[in-house]
Amino acid sequence: MKLGGAPGDDAESAVLSGLRVVRERIRAAAERSGRDPAGVRLLAVSKRQPAQKIRDAYAAGQRDFGESYAQELLSKRAELADLVELRWHMIGALQRNKVAGLMGVVSAVHSVDSLRLIAELGRRARERRVPVAGGLLPDAALAVFLEVNLGGEEQKAGCDPSELGALIAAVREQEGLALRGLMTIPAGGGQPEASRPQFEALVALRDRHGGSAVLPELSMGMSQDLEVAVECGASWVRVGTDIFGART
Ligand SMILES: *Cc1c(COP(=O)(O)O)cnc(C)c1O
């Protein structure tokens with residue numbers, strides 16, 4: 001411990017080095033697979049991490065943060081209101097009665113998996129938009145990722161692949177929503193080679209449903225399997241533990 005260091009110094013250096021290592025892993029995986037590292041964005045998953053660690057990551061240039069619980073996201077947002085360039089992403093199961101409170105707060109929802117949730121997101125997003133001649137301001141659209149369950153029974157979140165066509169159509173009907181792509185959380189506990197076939201299946205689903213013209217982004221890969229996700233074509237990796245340490 002440094003003499004005279006302010007409280008938080010040690011935590012800050014841990015977050016900084018975590019971020020540096022994760023960025024380097026992304027860069028190396030992208031280069032190995034012939035991809036431009038700039039095509040892979042890092043979402044720092046800050047659920048169940050203290051607000052100070054988010055400040056530390058922000059100070060290191062990180063701008064996109066993912067949270068899994070609406071209430072926790074809103075209280076951290078209040079605490080960190082001075083970080084004006086911070087973008088919040090909702091990545092966890094979202095109840096419809098929490099949707100209104102997140103409007104204007106989150107820039108993206110990665111965990112959209114039902115027609116009822118799409119309808120509520122669309123309704124609330126539309127209410128917030130500013131009418132202009134000829135329609136609504138396009139830049140207010142909420143980015144939506146459809147979460148697909150590719151692991152069968154092992155986890156409940158995410159739609160069945162057979163439902164994807166209907167969900168895509170539903171999002172595209174909502175003026176306040178911008179369809180960005182697909183998201184998955186693989187079954188298999190993050191074991192990299194267990195994730196690979198599931199990431200490949202997500203790519204295949206994207207191809208079957210209009211390719212990158214319809215679904216430009218893929219949100220896949222976490223601390224343990226981010227290299228495999230980048231190799232398979234991820235445009236967002238969602239990393240918590242390897243940036244911030246174990247969750248409380
Ligand atoms: C918690 C979480 C992550 C991050 O997981 P780590 O293993 O800590 O990197 C990514 N995505 C989702 C949806 C999560 O809930």
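Here is a friendly walk through the largest pocket of this predicted model and the ligand inside that pocket.

Let us begin with the empty space itself. Rolling a probe the size of a water molecule over the atoms reveals where such space remains. The largest pocket has a volume of about 790 Å³. Its lining is made up of 37 residues, and those closest to the pocket centre are K47, S68, I91, G92 and I185. Two elements give two or more residues each to this lining: α5, spanning 115-128, and β10, spanning 236-239. Sorted by class, the lining holds 13 nonpolar, 13 polar and 11 charged residues.

Now for the guest. Where does the ligand sit? You will find the ligand in the largest pocket. Around the ligand there are 13 residues, of which K47, S223, G240, T241 and R247 come nearest. K47 may look familiar, as K47 is also among the residues closest to the centre of the pocket. The shell around the ligand divides into 6 nonpolar, 4 polar and 3 charged residues.

Next, look at some individual contacts. The side chain of S223 has an N or O atom 2.5 Å from an oxygen atom of the ligand. For T241, an N or O atom of the side chain is likewise 2.5 Å from a ligand oxygen. R247 joins in with a polar side-chain atom that lies 2.8 Å from an oxygen atom of the ligand. As for how covered the ligand is, it exposes 390 Å² when taken alone, and the protein buries 88% of that area.

Conventions: Residues numbered from 1 in each chain as written. Predicted model: local features only at pLDDT ≥ 70, side-chain atom pairs only at ≥ 80, totals over all residues. Heavy atoms only, no water. 1 Å grid on protein atoms, 1.4 Å probe; cavity = no way out; pocket = protein on both sides within 12 Å on 5 of 7 lines; lining within 4 Å. Points joined across faces, edges and corners; volume = space filled by probe spheres on them. Helix = DSSP H or I, 4+ residues; strand = E, 2+ residues; numbered from the N terminus. Nonpolar A, V, L, I, M, F, W, Y, C, P; charged D, E, K, R; others polar. Near = heavy atom within 4 Å. Polar contact = N/O pair within 3.5 Å; in protein donor to acceptor, adjacent residues only side chain to side chain. Areas by Shrake-Rupley, 256 points an atom, 1.4 Å probe, with all protein chains shown as cover. Sits in = over half its atoms within 2 Å of the grid points.
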